[in-house]
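Q: Please take a close look at a single part of this structure and describe it in one connected answer. I would like to know how that part is put together, and then how the rest of the chain compares as background.

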Amino acid sequence: MDLQSVLILVSLLVGITLVLIIADFLIGSNQKILLRINKEKEFTISSGGTLLDALSENKIYIPSACGGKGTCGHCKVKVDSGGGEILPTEENFLSLGDKKEGVRLACQVKIREDIIDVSMSEDLLDAQEYIAEVVVLEDLNYDTKFLKLKLLSPNVIEFKPGQYVQILVPGYEEFRAYSIASPPSQKDMLDFVIRYIPKGLCTTYIHKALRIGDVIKITGPYGDFYLQEDSDKDIICLARSTGIAPIRSIVLHLKERGMTRDAHGYYSGRTKKDILLDDEMKALEEKHPNFKYYIVLSRPAPDDNWEGETGYITDAVPRYEESLENKEFYLCGPPEMIDAAMETLKRNGVSEEQIFFDKF
Ligand code: FES
């Protein structure tokens with residue numbers, strides 16, 4: 001075949017492909033689809049987009065930290081019918097149990113069938129979008145900032161101590177999740193503790209671009225890591241880095257309730273300069289005999305002149321706790337810290353039911 005024939009053939013193939021793509025778009029995006037949530041709420045949506053987009057267009061805000069790229073695994077919902085086949089991009093995020101139950105990543109489910117039935121918890125349905133203003137943004141240490149947002153619309157939020165919200169990065173339209181560091185009684189303002197991650201989309205935005213007075217969007221609240229309010233068990237909290245944020249929310253909430261349960265906090269960092277909110281925690285400890293607070297440094301610097309606990313955070317726990325029985329454990333920090341802590345706690349007789357954790 002000469003060059004001219006090849007060029008004609010390639011042009012023809014490109015032309016046909018373009019016509020098919022345009023036809024698929026025009027036909028696909030015009031079809032009206034019924035989206036049913038929990039067999040109660042019904043919405044008419046257009047085909048062609050994703051379930052995640054259809055939900056947010058109808059003001060149902062589920063967690064979506066990667067902005068729908070299929071890389072965070074946060075946007076799980078149960079699709080009872082009409083979701084099509086599980087895509088290869090979902091495989092890594094779905095357990096066998098998830099697949100049996102019909103759990104899918106909403107950002108990977110294409111809206112194609114006439115009716116799509118979705119089940120989700122009432123808690124998820126309660127999540128809303130909020131417009132908020134930055135009222136405090138200040139350094140806590142060399143790489144972490146304290147952020148306070150004032151809610152403008154709606155101007156109050158209900159949440160449980162330990163839960164998180166998502167902050168939208170403008171221009172990228174992607175969300176990132178951050179634990180709320182304030183107690184639920186503070187309904188019109190939310191506190192956050194945000195560490196700078198080099199090249200991290202939202203942390204770069206918050207650390208380098210955000211200013212006091214800026215107005216941003218958040219969604220939430222989310223998460224099943226929160227204080228068990230119907231329990232009267234004493235609690236032990238273990239945190240590292242910005243894992244102090246939900247623990248602060250829990251401890252401040254307990255304080256407001258009169259600190260009727262013993263609460264012991266263990267917080268770890270590499271060196272002294274990694275320890276956040278130390279003064280506030282120490283002040284709480286001084287005022288409330290039921291609250292004890294221990295710092296563990298994994299690699300104290302020579303000029304830290306550290307004489308306190310060193311090593312793994314969980315190794316310090318048995319040194320201060322007479323018993324681990326009948327207690328609740330709240331763990332928040334990086335995955336390696338949580339995994340190591342869970343293993344040590346279980347080795348010391350703590351059952352899975354006693355442990356609540358949030359890996360970030
Ligand atoms: S939004 Fe991140 S996987 Fe769906």
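A: The answer goes through one helix and its packing partners, and then turns to the wider setting. The model is predicted, and for that reason local features are described where pLDDT is at least 70 and side-chain atom pairs where pLDDT is 80 or more, while totals for chains, interfaces and linings use all residues. Residues are numbered from 1 along each chain as its sequence is written, and side-chain values rest on heavy atoms, with hydrogens and water left out.

The part in question is helix α5, residues 201-209, in which C202, T203, Y205, I206 and H207 are buried; buried here means under 20% relative accessible area, with exposed being over 50% and partly exposed in between, using a 1.4 Å probe and protein chains only. Helices (H or I, at least four residues) and strands (E, at least two) are DSSP runs numbered from the N terminus. The buried residues of α5 pack against six strands, namely β6 (128-139), β7 (144-153), β8 (164-169), β9 (174-179), β10 (189-195) and β11 (215-222), where a contact means heavy atoms within 4.5 Å.

Several of these strands are also paired with one another, pairing being assigned if DSSP finds at least two bridges between two strands. β6 and β7 run antiparallel and are joined by eight bridges, and the two form a hairpin with four residues between them. On another flank, β6 is joined to β11 by six bridges, again in the antiparallel sense, whereas β7 pairs with β10, likewise antiparallel, over seven bridges. Five of the seven residues of β10 are buried, so this strand is largely enclosed by the rest of the structure.

Individual bridge partners can be followed across these strands. E133 is a convenient place to begin, since it stands opposite V215 in β11 and also has K150 of β7 as a bridge partner. K150 in turn stands opposite M189 in β10, and reading these pairings together leads from V215 through E133 and K150 to M189. In a regular strand the side chains alternate between the two faces of the sheet.

A second group of strands, elsewhere in the chain, may serve as background. An open sheet of five strands has the order β2-β1-β5-β3-β4, and its pairing is mixed. β2 (41-46) and β4 (103-105) stand at its edges with a single partner strand each, so one side of each is left without a neighbour in the sheet. One of the pairings there is that of β3 (residues 76-81) with β4, which is antiparallel and extends over three bridges, with K78 standing opposite V103 in β4.

As for the protein as a whole, it contains nine helices and 17 strands, and its C-alpha trace spans about 80 × 50 × 45 Å along the principal axes. Of its 360 residues, 48% count as buried. Among contacts with a separation of 6 or more, 68% are made by residues 24 or more positions apart. Seen against that setting, α5 is the helix whose buried residues, Y205 and I206 among them, pack against strands that include the β6 and β7 of the hairpin.
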